[in-house]
Amino acid sequence: MKISTSKLSIALFGIGVLAVSSLLWTYIQANNGEITVCVKENGAMYLIGEGFKRTECKDKHKLLSWNIQGPQGEKGEKGDQGESGPQGPPGIPAIVLPENLKPTPINKQFCFIPTGSGLRDITAKWGLQNEFGAVPAHGISWGSIHLVPANGSKMSFTANGTGSELTVDVGSALVGFEGTVELDANIFWGNFIIPVTGSKLLTIDFDGRGCHLMEDSGVSIAAIVSDTFNSYLSGSIIGQGGWVDRVNGNNFIVQDTTVFEGATAIHNNTQADSVIAKIGSPFSDGRQAVYIKTENRDSWGDYPDGNVQMRISKGGWDSSTMASVTFKKDGNVAYYDPALDTYTNFGIYNDNEWTLVEVEWRSSDRTARYRVNNGTWTDWLTFKGASSFTNFDNVGLAFVLPSGSGGVYFDTLH
């Protein structure tokens with residue numbers, strides 16, 4: 001095969017360039033990036049050093065050296081803002097906890113902490129649990145603690161706290177205070193915002209120390225009557241604090257032997273049908289509560305509808321618009337069902353122990369619901385005379401003892 005002279009020359013030239021380039025790169029690496037050459041009079045250059053024909057320049061040839069990388073230059077001026085880049089891919093979403101992990105507040109307490117002469121902090125504390133049990137109360141809380149006096153304007157104190165407590169400084173506001181302390185707050189836990197509410201009734205003789213369980217009630221829910229009986233004289237309740245006799249009312253006696261709180265409560269252990277009533281503030285939406293302690297119910301004579309009753313009504317005990325709760329001899333608690341014209345059981349109570357009973361009503365659909373000891377509410381149920389309902393303004397208490405012995409105590413209406 002015949003090889004072209006021109007093509008052979010180009011090939012040999014390329015091989016030579018590659019060889020020189022390779023040799024030059026090896027030299028530069030060996031000399032830490034420095035190149036040293038000799039420059040002839042006509043400007044031609046040749047390399048010197050180890051691996052080349054000469055180690056120094058001939059006479060009249062000038063030595064020249066330079067680095068393949070120059071020294072660090074001065075910082076340049078800031079360039080113009082570049083154009084925005086394209087939208088990046090979606091990020092990984094945050095973890096969202098399932099609803100069954102959402103905790104609820106438990107063991108809610110108000111703690112009254114002295115900070116000086118007559119001064120107090122109030123700390124609301126709680127735990128958290130979900131359907132799997134107790135959970136750590138991490139996170140944050142925010143909200144208010146309200147002081148609602150029996151007479152006067154509500155005072156509110158707002159703060160931020162941890163996932164398990166919230167503290168406010170109320171100064172001397174608790175000095176001589178009688179009324180209700182209310183909590184209205186929220187907890188941010190996981191991806192949930194959890195409301196935490198509660199209240200505690202304080203009497204005039206409350207010493208403002210220690211921790212006390214809250215009642216699991218909503219905030220600022222109105223009660224027709226608030227009465228602790230603590231300012232009354234021993235003897236008949238009739239004529240004291242606005243209480244009136246509906247029938248045999250003098251059988252309700254103010255006494256200081258057995259009380260739920262404070263100095264006094266009322267007691268009835270007389271064989272009779274006895275009823276007292278008190279007109280209070282009219283509310284179309286509200287909640288009425290009372291503490292009741294039965295006394296030796298096994299000795300009561302039978303009364304099928306229930307021997308003990310609290311009734312809320314419009315205008316008085318005999319009103320055709322009312323909702324009521326009774327305590328029966330067999331240990332059941334019942335509400336009046338107008339559709340069946342009977343008292344329907346919904347809870348139980350223990351004899352010779354204080355039991356909290358509550359009735360809550362609303363005007364939106366003219367219904368009421370009932371519960372005992374902060375337990376589960378009943379459904380919203382139609383009460384007697386709901387079709388003509390405007391508000392409730394009267395609270396009545398009754399004890400029916402047709403035969404036998406035993407009695408009942410009432411305290412702390414709120």
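How much area does the chain expose, and what percentage of it do carbon and sulfur atoms supply? The exposed area is about 22600 Å², of which carbon and sulfur atoms supply 52%; accessible areas were obtained by the Shrake-Rupley method with a 1.4 Å probe, and for residues only the protein chains shown count as cover. The model is a predicted one, in which local features need pLDDT of at least 70 and side-chain atom pairs count only at pLDDT 80 or more, whereas totals for chains, interfaces and linings use all residues. Residues are numbered from 1 along each chain as its sequence is written, and side-chain values use heavy atoms, with hydrogens and water left out.

The secondary structure comprises one helix and 27 strands (DSSP runs numbered from the N terminus, with H or I of at least four residues for helices and E of at least two for strands). Of the 414 residues in the chain, 43% are buried (under 20% relative accessible area, with exposed over 50% and partly exposed in between; 1.4 Å probe, protein chains only). Among contacts (heavy atoms within 4.5 Å) between residues at least 6 apart in sequence, 61% join residues at least 24 apart.

Eight strands form an open sheet with antiparallel pairing, in the order β13-β15-β16-β27-β18-β23-β24-β25; strands are taken to pair if DSSP finds at least two bridges between them. β13 (235-236) and β25 (381-382) are the edge strands, each pairing on one side only. Within the sheet, β16 (residues 265-268) and β27 (residues 407-411) run antiparallel and are joined by three bridges, with Asn268 opposite Val408 of β27.

Val408 is also among the contacts of Glu295, a residue of strand β18 (residues 286-295). Beyond neighbours within four places in sequence, the contacts of Glu295 include His267, Trp300, Asp351 and Tyr409. Glu295 is buried but has no salt bridge, and the nearest side chain of opposite charge, that of Lys293, is 8.2 Å away. For this assignment, Lys and Arg count as positive and Asp and Glu as negative, while His and the chain ends are not counted; a salt bridge places a side-chain nitrogen of Lys or Arg within 4 Å of a carboxyl oxygen of Asp or Glu.

The largest nonpolar core (buried Ala, Val, Leu, Ile, Met, Phe, Trp, Tyr and Cys residues joined through side-chain atoms within 4.5 Å) has 39 residues, and Ile237, Ile266 and Phe410 have the most contacts inside it. Elements giving two or more residues to this core include β18, β19 (308-313), β20 (322-327) and β27; β26 gives the most, with four residues. Ile237 is in contact with residues including Phe229, Trp243, Phe252 and Ile266. Another core, lying apart, has 27 residues, among them Phe110, Phe157, Val170 and Leu174.

Six of the six residues of β19 are buried, so this strand is largely enclosed by the rest of the structure. Val308, Met310 and Ile312 point one way from β19, and Gln309, Arg311 and Ser313 point the other way. β19 pairs in the antiparallel sense with β20 over six bridges, Met310 standing opposite Val325. Antiparallel pairing over six bridges also links β19 to β26, where Asn394 is the bridge partner of Ser313.

Tyr336 lies in strand β21 and counts as buried because its relative accessibility is 11%. The C-alpha atoms of Tyr336 and Ser324 are separated by 5.8 Å, the two residues being 12 apart along the chain. Ser324 is also one of the contacts of Tyr336, which include Met322, Tyr343, Tyr370 and Lys384.
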